[in-house]
Structure formats: structure tokens, C-alpha cells
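Trainee: I am new to this structure and would be grateful for a close look at a single part of it, with its setting described afterwards. Please explain each term as it arises.

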Amino acid sequence: MSQYQAVKGTRDIFPEEATQWKYVERVVHTLASLYGFSEIRVPVFEYTELFQRGIGSTTDIVGKEMFSFQPDPKGRSLTLRPEMTAGVMRAALQKNLLSLAPVHKLYYIGELFRKERPQAGRQRQFSQFGSELIGVSSPAAVAEVITLMMHVFESLGLRGLKLRINTLGDGADRARYREALQAYFAPFHEILDDASKERLEKNPLRILDSKNPAMQELVDGAPRLYDYLNGSSLQDFEKVLFYLAERNIAYDIDHRLVRGLDYYSHTAFEVTSSELGAQDAIGGGGRYDGLARELGSTADVPASGFAVGMERLLITMEKQGLFAALNSPGPQVSIVLQQQDLLDHALQIAWRLRKAGIKTEIDLAARSMKAQMREANRIRASYALFVGTAEYTTGNYTLKNLATSEQRTLSLDAVLQILHEPAARELLE
RNA sequence: GUGAUUGUAGCUCAGUUGGUUAGAGCGCCAGGUUGUGGCCCUGGAGGCCGGGGGUUCGAGUCCCCUCAUUCACCCCA
């Protein structure tokens, strides 16, 4: 084992896997554009306060999962972004985007950092793609965002995903509900686990999605937020569901779904994959009308968005065999050297082929012809081009079709022609 | 941060109640084919058995510590 290894919770993506990433990213770019979203790229680190204000200081992300640092002892604390939304909203406000147009539809693909203990489907550096629809607060906007997300999943061929959806109501709804919850749980204070006791104080809603089975019974008897919604909150939610139904997007209403970040209001949703183990959320999002004000905006800037975990998406796709057809093409021609003193000549030929747009491979490791041929075979080259003393003196080269094993000795111009024009390949037959 | 799990060749793993020079398959290199791949045969290289300490005549095997891995909890994508 080498002395150094990748830092805990980080990993390397080698070429084979990188082609999978590129494939997914291309689909994301294409579909986001289809829905009218434009790409935004924001810095990897921000002032720490941005996340404290934006995500909420009671959340675990801010409380214990941020990679923060202080480059200058007198300077402000910085933090590697643990999520995207706060940064994107900050950028939108900073540039005063809404003064240019009332609605902005942005999407991103990028790396995030959270100092958690790694496990299946969870790393300290991970990637998300997502979108933010900024400027309008309506059921249609959330539905738009959910639809794009589901469209990406469908387009990639994913099966068996579950969309769960809930509404958190508006601020007033939640305030009333919060009191009701606290009143309900208070008598059971002794029974609550430590985490839930703390949540009872800070954010009682989050007791609802506790995984502790001991809490489950209690939670089952708890009042439902749904019953505390005012008329317009209710209507809003039903309209979202209407849009989903119209688009044949299947969903389950889950009254216990409470997103972990403080900035959500009204619709919240989450998509889970059964291929993933304990960390089964592949994507999620919702509406966050309050975020902008939290970040200092004097005006309301309503918004909705989703985020999808790239790694979790890739794991699911791998398990469902969705990369099977995704093999990158080998080189058109692989040059095979007879002896090393011809290397310079062979390199010159390789250069000419490449300048002519022909994907060419040549062995630089001074290996035997047999090894070079094996390599050509391994990387699925279409042709082998032999360079030996005979070729060097006559200027005619032997081109071998590796699929049919047929070969022929030709001038370099003829070789170029065959490799360049598929129609001319019959010369070989 | 807590719990459990696993660390033996590049990879996947064997290694019996502690007992000679630690094995296999795949991969890699070479030869069989003195200018030619995929199949086959033969040979070769490659291991401080994660690290440190201890028990013992003797430790890959037992004990302790440590580092790392993986899975789970918390929480999240």
C-alpha cells in the first residue's frame, strides 16, 4: 500500500467511471436547458455566516458537519460549501438578478463538503446537481422543479424510485403546529431519546422523522401538520399534487416528511432509491420563500429547488445495469513497433495520423510486439499499423484489421484514406 | 461523535487446534510462434500477512494499543 491514501470520505474517479459521470452530466445539461434553466457556478467556499444564517444554526449540517477554516487570524471564518442553495441565493441577491427579470431559473452541478462519518452512499466530498427557480412563489414553480428532476431520472432509465411529498405550510401554520407538537410531546419527555429531547426545544418538527423505533409509536399518535394548515396553504399543496398527477408523476404523501434544513416552507419532497441501503435519499428539495430574507434581502424572494446526489444516483444506476451500453470507443489505430530504434519514425507517423483526426495509440513503454498487440486488443483498437524495417525502407505500411485479422501493406496515403473514409475500407477486403 | 466489522501479492480471497522456504485464481512480464492480438501451454516477477508492543522455544494465527476500511446510528443528497 502506498504511503498516502485519499483522505477519509473522499475518493478517486478513474477513467471508466468518469465516462459514467460525463454521461449523467450531459443528460442533466440537456434537460435543464430543455426546461429553460441556465447553469450557474458559485464558489466552493463562502463566509461561514452565510451557511449559519441560510441553513439554520440548529441543523446538524451547521452544528457539526461544516469544514470551516480561518485563513487569516483576524479574518472572517470561511466554510467549504455543505450545500448549494445558500450560495446560489447569495449570488442572485448580490447581483440583484431580480432587477433584470422577475424570474431566474438556474441549475448547477458541483462538489459539496460535509464532515460526517462516511458510509454507503455518503462521503465527505460529494456532488449534487440541482436547480433553483427564483422569483416566483407558486405551486406551478415547485411542480416545475419536481418535474425536471423526475424527467432526469426517467431519462436515465432509473426504475423503482419513490417520490414522497409533504407540505410544511407557511410560517404561521408551522408556529401553531409547533406549539401543538410541543404540547403533545411534553408529557412524554421522560420517554424521549436524547436527540428528540433536544429537538423538542429547538425544532420539534424533526422528531417526526426520527428513525428510532422507540419513538415511532409516539410519533404515530402525534398531531398532523396537515390539520393546522390554513386554507391557502392547503390549496397550494393540492395544486402541486394536481400538477404531478397530470404529468403521470407518482407520489406518496408522507406527513412525517420534514426536511432537515430550516429554510423550507410549503412543499417539501424527497426521492428514495431502494438500491441504496441506509442513506436512501437520492434527491430532495422544496420551497424556501424565507431564505432570501434570512440572508438580508429587504424584499421577498420566493424560490423552489431540488438537489440530487450524484454519487447516490450513480450507485443506483450501476446496480440497475444502466451503464452496460456505455463503453468508450477504442482508438481507430494502434501502432505496433518492430524494434525500438524505429520509435522516432513511428512517433512521426502517429503525429500525422492524429493531425488527420485519426485516434491513434502508440506504445511508449518499449514492450515486445506481442505485448503491443495484446494491448491493442485490450483497448479495443480497430486496426494495428505495423512499423518495421521493411516499412521504414519501402514507405509502405502493414495495416491489420483486428476484428477480421485481415491485413494489407499500403502506402501511408492509402492508410490515411482507409482510416479516414469508412467507404474506402473495402480496400482491405 | 458512538457502535460493530474487516485489514495476507496490483485485484478477489484461502491459510486447519500457534509449528519448516505464506498459497490460489485473475492481472502483469517472458517464452512456446527469430515481424502479429484475442484461446491454450510453460515459466517468471511481485508479500516487513496495515503499524507498534506483548505472550511463547516459535505468531499471518493469541492478547493489548494504534491507524485505516466497511456498514450502521445521528443526520442528510
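Mentor: The following account begins with one helix and then turns to salt bridges, a loop residue and the domains. The model is predicted, and local features need pLDDT of at least 70, side-chain atom pairs count only at pLDDT 80 or more, while totals for chains, interfaces and linings use all residues. Residues are numbered from 1 along each chain as its sequence is written, chains are lettered from A and ligands numbered from 1 in the order in which they are written, and side-chain values use heavy atoms, with hydrogens and water left out.

The part chosen is helix H1, residues 15-34. Helices (H or I, at least four residues) and strands (E, at least two) are DSSP runs, numbered from the N terminus. H1 has 20 residues, and 28 Å lie between its first C-alpha and its last, close to the 28 Å expected at 1.5 Å a residue; that expected span is 1.5 Å times one less than the number of residues.

Which residues of H1 are buried? They are Gln20, Trp21, Tyr23, Val24, Val27, Val28, Leu31 and Ala32, where buried means under 20% relative accessible area, exposed over 50%, and partly exposed in between (1.4 Å probe, protein chains only). Seen down the helix axis, these buried residues fall within an arc of 155 degrees, so they line one face of H1; the arc is that of the directions from the helix axis to the C-beta atoms. An α-helix has 3.6 residues a turn, so residues three or four places apart point the same way. On the face turned away from the buried side, H1 carries the exposed residues Pro15, Lys22 and Arg26. The buried residues pack against strand E5 (104-113), strand E6 (125-134), helix H5 (139-156) and helix H11 (310-319), contact meaning heavy atoms within 4.5 Å. Just after H1, Gly36 takes a positive phi of about 85 degrees.

Glu17 forms a salt bridge with Arg11, with 3.1 Å between the closest N and O atoms. A salt bridge is a side-chain nitrogen of Lys or Arg within 4 Å of a carboxyl oxygen of Asp or Glu, and by this rule the count comes to 16. Glu17 is partly exposed at 23% relative accessible area, as is Arg11 at 40%.

Arg76 is bridged to Glu49, the closest N and O atoms being 2.8 Å apart. This pair links distant parts of the chain, 27 residues apart: Arg76 is in the loop between strand E3 (68-69) and strand E4 (78-80), and Glu49 is in helix H2 (residues 48-55). In helix H13 (residues 369-378), Glu375 and Arg378 lie 3 residues apart, about one turn of the helix, and their side chains meet in a salt bridge of 3.0 Å, N to O. Asp363 and Arg367 join Glu375 and Arg378 in a network of salt bridges.

Leu205 is in the loop between helix H7 (194-202) and helix H8 (213-220). Leu205 counts as buried because its relative accessibility is 6%. Beyond its neighbours within four places in sequence, Leu205 is in contact with Arg174, Tyr177, Leu181 and Val258.

Finally, chain A is divided into domain 1 (15-170 + 230-319) and domain 2 (333-428), with bounds from an automatic or database domain assignment. Taken over C-alpha atoms, the centres of domain 1 and domain 2 are separated by 50 Å.
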